[in-house]
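Biologist: Before I rely on the terms used for this model, I should like to hear the reasoning behind them. Please take the terms one at a time.

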Amino acid sequence: METTFEIVVIGSGPGGYVAAIRASQLGYKVALVENYSTLGGTCTNVGCIPTKALLDSTEHYHTAKTKFETHGIKVGELSLDFEQLINRKGDVVKQNISGLNYLMNKNKIEVITGTASFLSNTQIKVTATDGTETNVSSTYFIIATGSKPATIPGVVIDKARIITSTEALSLPEKPKSIAIIGGGVIGVEMASIYARIGVEVTIIEYADSLIPTMDRDLGKELKKLFTKSGIKVLLSHKVQSAVNNGGSATLKFLDAADQQQELTTDYCLVAVGRRPYTDGLGLDNTNIQLDSKGRITTDETLKTSEENIYAIGDVIAGPMLAHKAEEEGVFVAERINGQKPHINYKLIPGVVYTWPEVASVGYTEEELKKQNIEYKVGKFPFSASARARAAMEKEGFAKVLTEPKYGEILGVHVIGPRAADLIAQGVIAMEYEVTDEDMFRISYAHPTYSEALKEAYLISSGQGSLNI
Ligand SMILES: Cc1cc2nc3c(=O)[nH]c(=O)nc-3n(C[C@H](O)[C@H](O)[C@H](O)COP(=O)(O)OP(=O)(O)OC[C@H]3O[C@@H](n4cnc5c(N)ncnc54)[C@H](O)[C@@H]3O)c2cc1C
C-alpha cells in the first residue's frame with residue numbers, strides 16, 4: 001500500500017467522500033481513511049439514507065391503510081412485515097455503499113480502513129481493527145470525522161432500552177410504544193416512522209415548538225398534523241431521567257407547569273442532537289483548536305490552525321447536514337487547488353422528511369423580526385391547490401417572505417407534499433436574487449405542487465392570488 005499522498009481525507013461521510021472525489025478529479029493523489037468497515041459515514045449507514053428508506057416504506061403502509069379505500073383500491077387485509085421493512089432498509093444502505101466503493105475505484109482513491117490519529121501535522125497513524133499500525137504522510141489533510149449522538153444530564157444511553165437513532169433504525173421487533181426525547185428533525189422523522197405503523201409515540205420536547213430552529217409556522221402546523229395522526233406531542237417539558245427496567249424504559253420529566261410526570265414505554269429514543277466527533281484523532285499532536293462546543297475551529301476558508309489541515313462537515317460549526325458537508329468537501333478541494341469557490345451558508349436548505357414534508361431556506365419570520373428587517377408574507381394553503389386535491393394531500397402551506405420595496409426573496413418555507421424537492425426552487429431564486437415578481441411571472445406547469453409557491457409570490461407582491 002502507498003503511504004505518501006498529496007491529500008488524505010479522514011472520514012468517509014458525505015463530507016469526506018465528496019472531498020476525496022473532487023480532489024481526485026483535480027488531479028491529486030488521494031487517500032480516504034475510514035474506521036468503519038463500510039464507507040459512507042453517518043449519512044449512508046445510520047442517517048439520511050436508512051431513515052428515508054424506512055420513511056418511504058412506512059408512508060406506503062400508511063397510505064394503503066388510510067387512503068386506498070377512498071381512491072377505490074381494495075387490497076384485502078393489510079399487514080406489516082416488520083422484519084422485511086428493516087431488511088429492505090438494509091438493502092438500500094448496501095446499494096449506496098457499493099455505489100461509493102465503485103466511485104472510489106473509478107476515481108483511483110486509495111481507501112485505508114482504520115482509525116486515523118495525527119502524529120504531526122504531516123503524518124497520521126492508521127490503526128486497523130486487528131491492531132496493525134501504518135504511518136501515512138500527506139501534504140494536506142481534510143478532517144471529516146463527523147458527529148455522534150449527544151445526550152442530556154440524567155439520561156445515559158445504553159443502546160438497549162435507552163437508544164439513539166442508530167438503534168431505532170434496526171429494532172428487533174415492532175415496539176408497542178416509544179418515547180422520543182427531542183422534537184428536532186431526527187426526533188420527528190423517527191416519530192413518523194413509528195407512528196405510521198401503529199406504535200404509540202410520545203415526543204417530549206424542551207422548547208415550546210417542534211422543529212424549533214425552523215420558521216415557527218412550520219412547527220405549529222407539524223404539531224397540529226402530528227396530534228391529528230395520534231402522536232402525543234409534549235412541548236415545554238424537561239426530561240430529568242431515563243431508566244432501563246429490563247423490558248421497558250421509564251422517563252421522569254417536568255411538565256409545562258413544572259409538575260413531575262412519569263412515562264413508561266418499550267423504548268426511549270434520545271434525539272437531542274449530535275456532538276462533533278474528534279475522539280482518538282490525536283489533535284494534541286497538532287495546533288488544531290476546538291471551540292466551546294467541541295467543534296474544530298476553522299477560518300472562512302475552512303482551514304484549521306494548521307496551514308495544511310482543513311476540516312469540514314459535522315465536526316465544524318454550521319448545520320449538521322449532509323449537503324452542507326458535501327459543499328464544504330468540494331470547497332476545500334478547490335481551495336487547495338487555488339480556486340475561489342464560495343458557499344452561501346444562509347442558503348443551505350433544511351428539510352424534514354415527515355409527511356407532509358417540511359423544507360426551508362433563508363430567513364425565518366422570527367429572524368427578520370429580531371433583526372428589524374421589514375418583510376411581507378405570502379402564504380398559500382395546499383388545500384387550495386388542484387394538484388393537492390387530486391392527490392388527497394391537502395395539508396400544509398407554502399410561505400414566502402419578501403422585501404417590501406423590490407420584492408427580493410428573503411425566505412421560503414414549505415410544509416406540504418414534496419416540499420423537500422420544491423425547496424430547490426427557493427434556493428435558486430434566492431441565490432440569484434430574483435424578486436417575487438420574477439417568480440410569479442414565469443410559467444408553472446398545471447396542476448403541480450409548485451404552483452403553491454407561485455401563488456405565495458403573487459400574494460406577497462400584493463398582486464393577489466389567482467386561486468384563493
Ligand atoms: C438519523 C439521522 C438522519 C439524518 N438525515 C439527514 C438527512 O435526511 N439529510 C441531511 O442532510 N442530513 C441528515 N443527517 C445528518 C447527516 O447524516 C450528517 O450531517 C452527515 O453525515 C455529516 O457528514 P460528515 O461527512 O461530516 O460526517 P459523517 O457522516 O458522520 O462521517 C464521518 C465518518 O468519519 C469516521 N471517522 C471518525 N473518526 C475517524 C478517525 N479517527 N479515523 C477514521 N475515520 C473516522 C466515522 O466513522 C464516520 O464514518 C441525519 C443524521 C442522522 C443521525
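Modeller: In strand β19, A359 is the bridge partner of V351. Please bear in mind throughout that this is a predicted model.

Biologist: What makes β18 and β19 a pair of strands?

Modeller: Two strands pair if at least two bridges are found between them. Strand β18 (residues 350-352) and β19 have 3 bridges, in the antiparallel sense, so the criterion of at least two is met. A hairpin of 4 residues joins β18 to β19.

Biologist: Which other strand pairs with β19, and in which sense?

Modeller: Strand β22 (residues 409-416) pairs with β19 in the antiparallel sense, over 6 bridges. There, V358 stands opposite I415 of β22.

Biologist: Why is β19 called largely enclosed?

Modeller: Buried means under 20% relative accessible area. In strand β19 (residues 357-362), 6 of the 6 residues are buried, so the rest of the structure largely encloses this strand.

Biologist: Why is β1 also described as largely enclosed?

Modeller: Strand β1 (residues 4-10) has 5 buried residues of its 7, and is therefore largely enclosed by the rest of the structure.

Biologist: Which strands pair with β1?

Modeller: With strand β6 (residues 133-143), β1 pairs in the parallel sense over 6 bridges; T4 stands opposite S137 and F5 opposite S138. With strand β2 (residues 30-34), β1 runs parallel and is joined by 4 bridges, and V8 stands opposite A31 there. Together, β1, helix α1 (residues 14-25) and β2 make a right-handed β-α-β unit.

Biologist: What other partners does β6 have?

Modeller: Strand β5 (residues 123-127) runs antiparallel to β6, joined by 5 bridges, and K125 has N135 as its bridge partner. The hairpin of β5 and β6 has 5 residues between the strands, and G131 in this hairpin takes a positive phi near 90°. Strand β17 (residues 309-311) pairs with β6 in the parallel sense over 3 bridges, with I142 opposite Y310.

Biologist: How many aromatic pairs does the structure hold?

Modeller: The structure holds 2 aromatic pairs. One of them is formed by F118 and F141, and is edge-to-face.

Biologist: How do you know that F118 and F141 form a pair, and why is the pair called edge-to-face?

Modeller: Rings pair if their centres lie within 6.5 Å, and planes over 60 degrees apart count as edge-to-face. The centres of F118 and F141 are 5.2 Å apart and the planes are at 75°, so both conditions are satisfied. F118 lies in strand β4 (residues 115-120) and F141 in strand β6, so the pair ties together parts that are 23 residues apart in sequence.

Biologist: Are F118 and F141 buried or exposed?

Modeller: F118 has a relative accessible area of 0%, and F141 has 0%. Buried means under 20%, so F118 and F141 are both called buried.

Biologist: What makes F382 and Y449 an aromatic pair?

Modeller: The limit for a pair is 6.5 Å between centres. F382 and Y449 are 6.4 Å apart, centre to centre, with 75° between the planes, so they pair and count as edge-to-face. The two residues are 67 residues apart, F382 in the loop between β20 and α11, and Y449 in the loop between α13 and α14. F382 is buried, and Y449 is buried too.

Biologist: Why is K29 said to sit over the ring of F5?

Modeller: The distance limit is within 6 Å of the ring centre, with a further limit on the angle. The charged end of K29 sits over the ring of F5, 5.6 Å from its centre. The charged end of K346 likewise sits over the ring of Y363, 4.6 Å from its centre.

Biologist: Why is G90 called partly exposed?

Modeller: Buried means under 20% and exposed over 50%, with partly exposed in between. G90 has a relative accessible area of 24%, and is therefore partly exposed. G90 is found in helix α5 (residues 82-106).

Biologist: How do you know that N35 makes a polar contact with the ligand?

Modeller: A polar contact is a pair of N or O atoms within 3.5 Å. An N or O atom in the side chain of N35 is 2.7 Å from an oxygen atom of the ligand, so the pair qualifies. A backbone N or O atom of A322 lies 2.8 Å from a ligand oxygen atom. In total, 39 residues surround the ligand.

Definitions and conventions: Residues are numbered from 1 along each chain as its sequence is written. This is a predicted model: local features need pLDDT of at least 70, side-chain atom pairs count only at pLDDT 80 or more; totals for chains, interfaces and linings use all residues. Side-chain values use heavy atoms; hydrogens and water are left out. Buried means under 20% relative accessible area, exposed over 50%, partly exposed in between (1.4 Å probe, protein chains only). A crossover is right-handed if, with the strands pointing away from the viewer, the path from the first strand over the helix to the second runs clockwise. Rings of Phe, Tyr and Trp (its six-membered ring) pair if their centres lie within 6.5 Å; planes under 30 degrees apart count as stacked, over 60 as edge-to-face and the rest as tilted. A charge sits over a ring if NZ of Lys or CZ of Arg is within 6 Å of the ring centre and within 35 degrees of the ring normal. A residue is near a molecule or strand if one of its heavy atoms lies within 4 Å of it. A polar contact is a pair of N or O atoms within 3.5 Å; within protein, one must be able to donate a hydrogen and the other to accept it, and residues adjacent in sequence count only if both atoms are side-chain atoms.
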